[in-house]
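Trainee: Could you take me through one part of this model up close? I'd like to hear how it sits in the rest of the fold.

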Number of protein chains: 2
Amino acid sequence: MKKSSRLSLALHALVHLHAQPDKVLTSQALASCLMTNAVVVRRALGELREAGLVVASKGPNGGWALARPAEEITLHQVYAAMDERLLLRTESDPGDKACAIVRSVDRVMSEFLDDAEALLAARLTRIRLADIAKDAMGAGFPRLG
Amino acid sequence: MKKSSRLSLALHALVHLHAQPDKVLTSQALASCLMTNAVVVRRALGELREAGLVVASKGPNGGWALARPAEEITLHQVYAAMDERLLLRTESDPGDKACAIVRSVDRVMSEFLDDAEALLAARLTRIRLADIAKDAMGAGFPRLG
DNA sequence: TTTCATGTAACTATTATTGTTACATATAGA
DNA sequence: TCTATATGTAACAATAATAGTTACATGAAA
């Protein structure tokens, strides 16, 4: 993993968990699939756990599993849980805010971005984890890395 | 300038140019206003020049000026000129794309983001540079840094 | 032809993100 | 209860992206 992001990493992990509903997968197993480190997986899934999307169990035979069916998990829930912003925030340095123009640029952009954020949120709510999984399964699954 | 972005930097500069329509402002003068370096200003405004939004003149009394009134410059034009993305792209590492799930996540997200991008573009087209400038002037202009 | 501006390449510094190591905590099973 | 195995998390290192700097070429006005 290099240019990826926490959001797509989380989605990738969630699809893997959905693909093997009878198993719990360890961070290490998922890390191999996602070509990254087990701690990175824990960090990402930890946020999803706090949001109640996945459950973690410790000890032998422990690992991760979906907390509910993929049909009941929306991308918006994942997005909100990761506390990641799809829209880049163009906040200025506090020092620059002495300038009225900077404040106006920030204000107009914030207004626009808040508005846009709401639009995106509504659309993300309509996409479910199951939709991504279906897409992946229908693709001929040549290598579920 | 620290946490800023090229887009808000460009907007800030454009409002300054609009605020003094009779003058051409040098990169150095703008850099002082924007609390950054003259080369950074040139880099940002250079992109706007290529897009035909501003004009630059060399030599004594040279500098930058708007190519047309602020009423005829939309945020979308600025946004497109800077080649900056408001939506973060969640592209995966080429190596990871051997995995069908990664490709599906990327595909679903791309679809969503392309769609969202079009929405944002439409909205950015409706905001003009003059709108930001009006906001700044109406704010009591205590310090045009 | 001198002066002052942009244009740009090359390099450094800073920041954010990701990856790694190490260790504490908890749980299943012998 | 002891051991093996998993998560949870802090602290640190490595990497990549961004901003800032220096240096110098180019072009235009007086």
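Mentor: Going from the N terminus, chain A of this predicted model runs α-α-α-β-β-α-α-α, which comes to six helices and two strands. Let's zoom in on the opening element, helix 1, which covers residues 6-19 of chain A. Its 14 residues reach 20 Å from the first C-alpha to the last, close to the 20 Å expected at 1.5 Å a residue.

Now for its surroundings. Of those 14 residues, 11 are buried, so helix 1 of chain A is largely enclosed by the rest of the structure. The buried ones form an unbroken list from A:Leu7 to A:Leu17: A:Leu7, A:Ser8, A:Leu9, A:Ala10, A:Leu11, A:His12, A:Ala13, A:Leu14, A:Val15, A:His16 and A:Leu17. Notice that A:Ser8, A:His12 and A:His16 are in that list too. For the whole of chain A, buried residues make up 47% of the 145.

Zooming out, the largest nonpolar core has 94 residues, and those with the most contacts inside it are Leu48, Val78 and Leu86 of chain A and of chain B. In soluble globular proteins, nonpolar side chains tend to be buried together. Over in chain B, B:Leu48 touches B:Ala10 and B:Leu14, along with B:Leu53, B:Val54, B:Val78, B:Ala81 and B:Met82, leaving aside residues up to four places away in sequence.

Back in chain A, take the contacts with a separation of 6 or more: 63% of them join residues 24 or more positions apart. As for the outside, the accessible surface of chain A is about 6900 Å², with 53% belonging to carbon and sulfur atoms.

Note on methods:
Residues numbered from 1 in each chain as written. Chains lettered and ligands numbered in written order. Predicted model: local features only at pLDDT ≥ 70, side-chain atom pairs only at ≥ 80, totals over all residues. Heavy atoms only, no water. Helix = DSSP H or I, 4+ residues; strand = E, 2+ residues; numbered from the N terminus. Buried < 20%, exposed > 50% of the residue type's maximum accessible area, 1.4 Å probe, protein only. Contact = heavy atoms within 4.5 Å. Areas by Shrake-Rupley, 256 points an atom, 1.4 Å probe, with all protein chains shown as cover. Core = buried A, V, L, I, M, F, W, Y, C linked by side-chain atoms within 4.5 Å. Expected span 1.5 Å × (residues − 1).
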